[in-house]
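Please walk through this model with the strands, the pocket and the nonpolar core in view, taking each in turn.

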Amino acid sequence: MQTISIKASTSYEAHIGHGILASCGELVSRISEPCTIAVITDSTVGPLYEETVKISLTEAGFRVVT
């Protein structure tokens, strides 16, 4: 995984890497306590990646809504 810093109106870090979506629950839990989290997607991206993201977030203790 590679982390890059984004300098915009609000600075933030972006993580890039192969298979990283399966780790998104762990990554998000580093910056937030488990809570309800919304996954925003569309009819093209959702079928490809939504389930992987939902499983990772749920396993990290988040309640996921799409």
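**From the pocket to the core**

Among the elements of this predicted model, α1 makes the greatest contribution to the lining of the largest pocket, giving three residues. The pocket itself holds about 260 Å³ of space, and the elements that supply two or more residues to its lining are β2 (12-16) and α1 (24-29). Residue by residue, the lining consists of E13, H15, I20, L21, C24, L27, V28, R30 and I31. Sorted by class, that lining has six nonpolar residues, one polar residue and two charged residues.

One of the lining residues, H15, also leads into the strand pairing, where T3 stands opposite H15 in β2. Strand β1, which spans residues 2-6, pairs with β2 in the antiparallel sense over five bridges, and the connection from β1 to β2 is a hairpin of five residues.

C24 is likewise part of the pocket lining, and C24 belongs as well to the largest nonpolar core, a set of seven residues that also includes I37, V39, V53, L57, F62 and V64. As a general background to such a grouping, nonpolar side chains in soluble globular proteins tend to be buried together.

Within this core, what does I37 touch, once residues up to four places away in sequence are not counted? The contacts of I37 are V28, L57, F62, R63, V64 and V65. Among these, L57, F62 and V64 are members of the largest nonpolar core along with I37, while V28 is a residue that lines the largest pocket, and I37 therefore has heavy atoms within 4.5 Å of this lining residue.

Technical notes:
Residues numbered from 1 in each chain as written. Predicted model: local features only at pLDDT ≥ 70, side-chain atom pairs only at ≥ 80, totals over all residues. Heavy atoms only, no water. 1 Å grid on protein atoms, 1.4 Å probe; cavity = no way out; pocket = protein on both sides within 12 Å on 5 of 7 lines; lining within 4 Å. Points joined across faces, edges and corners; volume = space filled by probe spheres on them. Helix = DSSP H or I, 4+ residues; strand = E, 2+ residues; numbered from the N terminus. Nonpolar A, V, L, I, M, F, W, Y, C, P; charged D, E, K, R; others polar. Core = buried A, V, L, I, M, F, W, Y, C linked by side-chain atoms within 4.5 Å. Buried < 20%, exposed > 50% of the residue type's maximum accessible area, 1.4 Å probe, protein only. Pairing = 2+ DSSP bridges.
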